[in-house]
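Thanks for sharing this one. Here are some notes to read with the model open beside you, point by point.

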Amino acid sequence: MLRFLQSREFERVGENITRKVDVRVITATNRKLADSLQDVNFREDLYYRINAVRISLPSLRERPEDLLVLIYHFIKKFSNESKEVNISADAVKLLTSYRWPGNVRELENVIERATILARDGVINTQQLPEEIQQVDMEKSGLLSLDHIEQQHISRVLKVTKDLDEASRVLNIDPATLWRKR
């Protein structure tokens, strides 16, 4: 892979013919690779070959202006000719208030689910997942025990940055923590 990225040449398995290609390789990650270099979790030579042009895209929660465009795009994508789907103002309010830890993929899955479950061609708050419906509950101060547990686990994982250490802090088995996170 390193040679390919550097020279843009490759040989197919079992062939002795070197082939030149004119391609651009685009990579994406949700991690800071520079930090992984210091921790020796990522190859430095590979990093410098793929790091020619860096495009930093903030998470969806940092781009609320994109939410409405994406919501309506996904509704259109998952609607079909026989069933045109709209969305209620309350559902839009909940969707735009949610933090979207899974970014655009999570939003797409939520809209797909809601489009399938939409009654009378309208997505209401009832078709949204529980964690999104709880946005109103958070504002009122009423939270489910599962939600509080999830928030606490997230905070501990951010501080410890290691599953084993977090499981010791929380006093639970690492496998249990992995399932709950």
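1. A word before the details: this is a predicted model, so please read each point below as a description of that prediction. I begin with two helices, move on to the nonpolar cores and the charged pairs, and end with a few single residues.

2. Let's start with helix α6. On the side turned away from its buried residues, Arg105 and Ile116 are exposed. The buried residues of α6 are Glu106, Leu107, Val110, Ile111, Ala114 and Thr115. These buried positions sit on the same side of α6, because they cover an arc of only 165° around the axis. Residues three or four places apart in an α-helix point the same way, because there are 3.6 residues a turn.

3. The length of α6 also checks out. The helix has 15 residues (103–117), and at 1.5 Å a residue it should span 21 Å. Its end C-alpha atoms are 22 Å apart, which agrees with that expectation.

4. Helix α5 can be read in a similar way. Its buried residues are Ala91, Val92, Leu94 and Leu95. Viewed down the axis of α5, they fall within an arc of 165°, so they line one face of the helix. The face turned away from that buried side carries Ala89 and Asp90, which are exposed.

5. Where do the nonpolar residues gather? The largest nonpolar core has 23 residues, and those with the most contacts inside it are Ile87, Leu95, Trp100, Leu107, Ile123, Leu128 and Ile132. The elements that give two or more residues to this core are α4 (64–78), α5 (89–97), α6 and α7 (130–140). Among these, α4 gives the most, with 5 residues. As background, nonpolar side chains in soluble globular proteins tend to be buried together.

6. Ile87 is a good place to centre your view of that core. Leaving out residues up to four places away in sequence, Ile87 touches Ile71, Tyr72, Ile75, Val92, Leu95, Val122 and Ile123. Apart from the largest core lies another, of 5 residues, among them Val156, Ala166, Leu170 and Leu177.

7. Now for the charged side chains, where the count comes to 6 salt bridges. In general, side chains of opposite charge can pair when their charged atoms come close. One of the salt bridges joins Glu15 and Arg19, with the closest N and O atoms 3.0 Å apart. Glu15 is partly exposed at 25% relative accessible area, and Arg19 is partly exposed at 26%.

8. Asp45 and Arg43 form another salt bridge, with 2.7 Å between the closest N and O atoms. Here the two partners fall into separate classes: Asp45 is partly exposed at 30% relative accessible area, whereas Arg43 counts as exposed at 51%.

9. Is Arg63 buried or exposed? With a relative accessibility of 13%, Arg63 counts as buried, because the cut-off for that class is under 20%. Arg63 lies in the loop between α3 (44–50) and α4. Its side chain meets that of Asp66 in a salt bridge, at 2.8 Å from N to O, and Asp66 is partly exposed, with a relative accessible area of 25%. Setting aside neighbours within four places in sequence, Arg63 is in contact with Leu57, Pro58 and Val104.

10. Two residues deserve a look for their backbone. Most residues other than glycine have a negative phi. Arg8, however, has a phi near 60°, a positive value in a residue other than glycine. Arg8 is found in the loop between α1 (2–7) and β1 (9–11), and it is partly exposed, with a relative accessible area of 31%. Asn103 also has a positive phi, near 55°. Asn103 is found in helix α6 and is partly exposed, with a relative accessible area of 27%.

11. One last distance to try in your viewer. Ala34 lies in helix α2 (residues 33–38) and counts as partly exposed at 39% relative accessibility. Ala34 and Glu44 are 10 residues apart along the chain, and their C-alpha atoms are separated by 9.0 Å.

Notes. Residues are numbered from 1 along each chain as its sequence is written. This is a predicted model: local features need pLDDT of at least 70, side-chain atom pairs count only at pLDDT 80 or more; totals for chains, interfaces and linings use all residues. Side-chain values use heavy atoms; hydrogens and water are left out. Helices (H or I, at least four residues) and strands (E, at least two) are DSSP runs, numbered from the N terminus. The expected span of a helix is 1.5 Å times one less than its number of residues. Buried means under 20% relative accessible area, exposed over 50%, partly exposed in between (1.4 Å probe, protein chains only). The arc is that of the directions from the helix axis to the C-beta atoms. A salt bridge is a side-chain nitrogen of Lys or Arg within 4 Å of a carboxyl oxygen of Asp or Glu. A nonpolar core is a set of buried Ala, Val, Leu, Ile, Met, Phe, Trp, Tyr and Cys residues joined through side-chain atoms within 4.5 Å. Contact means heavy atoms within 4.5 Å.
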